[in-house]
Amino acid sequence: MSNMVYGNYYDKHSSRNPLTRFLMDGFRKNWLELFAEVKGWSPEWRILEVGCGDGQFLRWYTDSLKHEGMVVGLDPGLDVLAAGRGMTGLESMINGSIYELPFCDNEFEIVVVPEVFEHLENPGVGLDEVARVASRYVVASVPWEPTWRIANTLRGAYLGDLGNTPGHIQHFSRRGFISFMESRLSIRSVRTPFPWTQVIGEIKP
């Protein structure tokens with residue numbers, strides 16, 4: 001698992017491409033709106049991000065949400081974690097697999113899973129593990145398919161794979177991703193910034 005790549009691995013956050021910047025601004029705006037749906041939010045809640053990549057989202061939670069509690073990032077990519085620790089100054093970035101999260105049941109109030117499930121051969125197993133370690137909420141996003149592949153094709157990317165981004169194994173429609181999340185969570189809110197689907201779900205009693 002240590003060589004798998006998923007999550008925020010490539011540096012789209014600091015891209016100078018105007019279109020990429022516009023799309024990422026929409027992603028971040030809607031992502032923060034999902035957190036606004038949380039009942040009883042406290043800046044001292046513990047946050048886990050699965051697929052943290054180089055940790056840019058981890059720093060963003062601290063800055064944008066005025067978060068003061070524990071923030072932990074997990075990723076299977078050793079190289080990107082090492083680079084992320086140096087860039088963000090965060091030591092709470094650890095190596096691990098979504099299939100076997102090294103945490104206790106209900107250890108984090110919120111578990112965040114941005115752009116990970118589309119990379120997994122067994123997304124249901126990953127969702128089970130995420131729900132196990134979350135005590136309140138799970139926030140997740142995936143590319144909106146088939147729109148994602150169509151957009152890639154129109155810009156001339158990955159034509160040999162019909163626009164499929166390398167590493168994308170699962171292809172979730174909006175309804176399909178919501179149904180997937182509903183298998184373990186009570187859906188609280190959905191955001192649809194082009195070209196993603198973002199969902200916040202509450203742990204079922």
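**Exercise 1. In which loop does Asn106 lie?**

Let's find this residue in the predicted model and then look at its backbone.

Step 1. Follow the chain past strand β3 (93–95): Asn106 sits in the loop that leads from β3 to β4.

Step 2. Check the backbone angle. Asn106 is not a glycine, yet its phi is positive, near 60°. Most residues other than glycine have a negative phi.

Step 3. Look at the surroundings. Asn106 has a relative accessibility of 44%. Partly exposed covers the range between 20% and 50%, so Asn106 counts as partly exposed.

**Exercise 2. Describe Tyr158 in the same manner.**

Step 1. Tyr158 belongs to the loop between α5 and α6 (174–182).

Step 2. Phi of Tyr158 is about 55°, a positive value, although the residue is not a glycine.

Step 3. With a relative accessibility of 34%, Tyr158 counts as partly exposed.

**Exercise 3. Locate two cis peptide bonds and the loops that hold their prolines.**

Step 1. Start with Glu145 and Pro146: the peptide bond between them is cis, and omega is about 5°. Pro146 is found in the loop that connects β5 (134–143) with α5 (147–154).

Step 2. Move on to Phe194 and Pro195, which are also joined by a cis peptide bond, here with omega near -5°. Pro195 is placed in the loop between β6 (185–191) and β7 (196–203).

Step 3. Put this in context: most peptide bonds are trans.

**Exercise 4. Work out the surroundings of strand β1 (residues 47–50).**

Step 1. Begin with the side chains. In a regular strand they alternate between the two faces of the sheet. In β1, Ile47 and Glu49 are on one side, while Leu48 and Val50 are on the other.

Step 2. Ask whether these faces are covered. All four residues are buried, and both faces of β1 are therefore covered.

Step 3. Find a first partner strand. β1 pairs with β2 (residues 71–75) in the parallel sense, over four bridges. Within this pairing, Glu49 has Gly73 of β2 as its bridge partner.

Step 4. Find another partner. Strand β4 (residues 108–114) runs parallel to β1 and is joined to it by three bridges. Here Ile47 stands opposite Ile110.

Step 5. Trace the route from β1 to β2. Together with helix α2 (residues 56–64), these two strands form a right-handed β-α-β unit.

**Exercise 5. Step back and describe the whole chain.**

Step 1. Count the elements: there are six helices and seven strands. Reading from the N terminus, their order is α-β-α-β-α-β-β-α-β-α-α-β-β.

Step 2. Compare the radius of gyration with the globule rule. The chain has 16 Å, close to the 17 Å that the rule gives for 205 residues, so the chain is as compact as a globular protein of that length.

Step 3. Consider burial and contacts. Of the 205 residues, 51% count as buried. Among the contacts with a separation of 6 or more, 69% come from residues 24 or more positions apart.

Step 4. Add the surface: the accessible area is about 9400 Å², and carbon and sulfur atoms make up 53% of it.

**Exercise 6. Decide where to read the model with care.**

Step 1. Start with the average: the pLDDT of the chain is 88 on average, and 92% of the residues score at least 70.

Step 2. Look for a weak stretch. Over residues 1–10, pLDDT stays under 50.

Step 3. Draw the conclusion. Where pLDDT is low, the predicted coordinates should not be read in detail.

How values were computed. Residues are numbered from 1 along each chain as its sequence is written. This is a predicted model: local features need pLDDT of at least 70, side-chain atom pairs count only at pLDDT 80 or more; totals for chains, interfaces and linings use all residues. Side-chain values use heavy atoms; hydrogens and water are left out. Buried means under 20% relative accessible area, exposed over 50%, partly exposed in between (1.4 Å probe, protein chains only). Two strands pair if DSSP finds at least two bridges between them. A crossover is right-handed if, with the strands pointing away from the viewer, the path from the first strand over the helix to the second runs clockwise. pLDDT is the predictor's confidence in each residue, from 0 to 100. Contact means heavy atoms within 4.5 Å. The radius of gyration is taken over C-alpha atoms; the globule rule is 2.2 Å times the number of residues to the power 0.38. Accessible areas come from the Shrake-Rupley method with a 1.4 Å probe; for residues, only the protein chains shown count as cover.
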